[in-house]
Amino acid sequence: MSHPVPVRRSRALLSPRARLTYLAVILLTAGSSVLLFEPQRLLSAGWPPQLSGAGAVVVFGLAYGVCTAALVPRPILNLAAGALFGTQAGFAAALGGTVLGAGIAFALGRALGRDALRPYVRGRWLTAADVQLNRHGFRSMLAIRLFPGMPFAVANYGAAVSRMKYVPFLVATGLGSIPNTVAYVVAGSQATSPTSPAFLVATGFIVLSVAAAAVVGWRKRHRLRGVARTAAEPDAVPECEPATAGAAVGAGAPAGISRS
């Protein structure tokens, strides 16, 4: 029985590949807008004088979230938050924007890209990452945020394709992003005094966190390989059919023993 044309069209428009196309268009449009408006100019031009106080912090946090979902690097936005609002207000705006941007990216990836990309999660490393996020989602995401070796956007959309839950993802993102965000915001707020102790400590922490991320990633590669092999074992060992298994047992029984 054939379905009416409108029904077939609606199914085609909501198919996994169509939704993945929508996600690609959204990201391409957002990236083009970022290149057009150049938010990094905030570091040199400053915040618009029409906005000030708590309202400016809230607006910046919202813009921060949208920009990170549009693949703008967080370090630039964190430095801008510190330079524009100081340490405390800049940290609040940056951390709020971090969680907001991660939530937007996760929701977009889960709603528009997951069904189309899940069938391609078959490679050794992709399978290992998927299993790790499924079994230890909060802990894994917390480590990813604490040791910023993986790009922010990659972690967001990668977690959306996996089976990780929404709330642990956001909580781990918020907690794990605190140290790195503080360091960049402090560096931005003290950028005019590059020899100050606060700037030097913040810069040193950033360098050490990047180095620690490289070391942790190098050491964890063996665990990911083990997880990948474990995940591949059920597929590598075919299950026996009951009749086949019974025949095998019967065939191996000693002579004179009934096979009933």
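Me: Let me start with a single residue. Is A183 buried or exposed, and what is its relative accessible area?

Reply: A183 is buried, because its relative accessible area is 5% and the cut-off for buried is under 20%. Please keep in mind that this is a predicted model. A183 lies in helix 10.

Me: Which residues does A183 touch, leaving out those up to four places away in sequence?

Reply: A183 touches A202, F205 and I206. A C-alpha distance adds to that picture: A183 and T203 are 20 residues apart along the chain, and their C-alpha atoms are separated by 7.1 Å.

Me: Let me step back to the whole chain. How many helices and strands does it have?

Reply: There are 12 helices and 0 strands, so the pattern along the sequence reads α-α-α-α-α-α-α-α-α-α-α-α. Of the 260 residues, 34% count as buried. For the fold as a whole, look at sequence separation: among contacts between residues at least 6 apart in sequence, 77% join residues at least 24 apart.

Me: How do I read a single helix? What are the length and reach of helix 4?

Reply: One way is to set the end-to-end distance against the expected one. Helix 4 covers residues 53-69, which is 17 residues, and reaches 25 Å from its first C-alpha to its last, close to the 24 Å expected at 1.5 Å a residue.

Me: And which residues of helix 4 are buried?

Reply: Here is the general idea to hold in mind: an α-helix has 3.6 residues a turn, so residues three or four places apart point the same way. With that in hand, look at the buried residues of helix 4: A56, V57, F60, G61, Y64, G65, C67, T68 and A69.

Me: What follows helix 4, and what is the sign of its phi?

Reply: Helix 4 is followed by L71, with a positive phi near 75°. L71 has that positive phi although it is not a glycine. L71 is found in the loop between helix 4 and helix 5, and it counts as partly exposed because its relative accessibility is 46%.

Me: Where does G101 lie, then?

Reply: G101 lies in helix 5, and it counts as buried because its relative accessibility is 0%. Leaving aside neighbours within four places in sequence, G101 is in contact with G65, T68, A69 and N156. Among these, T68 is 33 residues from G101 in sequence and 5.3 Å away in space, C-alpha to C-alpha. Three of those names should look familiar, as G65, T68 and A69 are among the buried residues of helix 4.

Me: How do I find the nonpolar cores? Which residues have the most contacts inside the largest one?

Reply: Look for buried nonpolar residues joined through their side chains. The largest nonpolar core has 13 residues, and those with the most contacts inside it are F60, Y64, L77, F85 and A94. Helix 4 and helix 5 are the elements that give two or more residues to this core, and helix 5 gives the most, with 6 residues. A second, separate core has 10 residues, including A102, L133, F152 and A172.

Me: What does A94 touch, leaving out residues up to four places away in sequence?

Reply: A94 touches Y64, N78, A81, T181 and V185.

Me: You mentioned F152. How many of the 10 residues of helix 8 are buried?

Reply: Helix 8 has 8 of its 10 residues buried, so it is largely enclosed by the rest of the structure. The buried ones are F152, A153, A155, N156, Y157, A159, A160 and V161.

Me: How should I read a pocket? What volume does the second largest one have?

Reply: Ask for its space, then its lining. The second largest pocket holds about 330 Å³ of space. Of its 18 lining residues, R74, P75, M150, P151 and F152 are the closest to its centre. Helix 5 (74-117), helix 7 (137-146), helix 8 (152-161) and helix 10 (178-189) are the elements that give two or more residues to the lining. By class, the lining has 12 nonpolar, 4 polar and 2 charged residues.

Me: One last contrast, please. Is R17 buried or exposed?

Reply: R17 counts as exposed, because its relative accessibility is 67%. The place of R17 is in helix 2, residues 16-37. R17 and L112 are 95 residues apart along the chain, with their C-alpha atoms separated by 8.6 Å.

Definitions and conventions
Residues are numbered from 1 along each chain as its sequence is written. This is a predicted model: local features need pLDDT of at least 70, side-chain atom pairs count only at pLDDT 80 or more; totals for chains, interfaces and linings use all residues. Side-chain values use heavy atoms; hydrogens and water are left out. On a 1 Å grid over the protein atoms alone, a cavity is a set of points where a 1.4 Å probe fits but cannot get out, and a pocket is an open set with protein on both sides within 12 Å along at least five of seven lines; lining residues have an atom within 4 Å of a point. Grid points are joined across faces, edges and corners, and a volume is the space filled by probe spheres set on the points. Helices (H or I, at least four residues) and strands (E, at least two) are DSSP runs, numbered from the N terminus. Ala, Val, Leu, Ile, Met, Phe, Trp, Tyr, Cys and Pro count as nonpolar, Asp, Glu, Lys and Arg as charged, and the others, Gly among them, as polar. Buried means under 20% relative accessible area, exposed over 50%, partly exposed in between (1.4 Å probe, protein chains only). Contact means heavy atoms within 4.5 Å. The expected span of a helix is 1.5 Å times one less than its number of residues. A nonpolar core is a set of buried Ala, Val, Leu, Ile, Met, Phe, Trp, Tyr and Cys residues joined through side-chain atoms within 4.5 Å.
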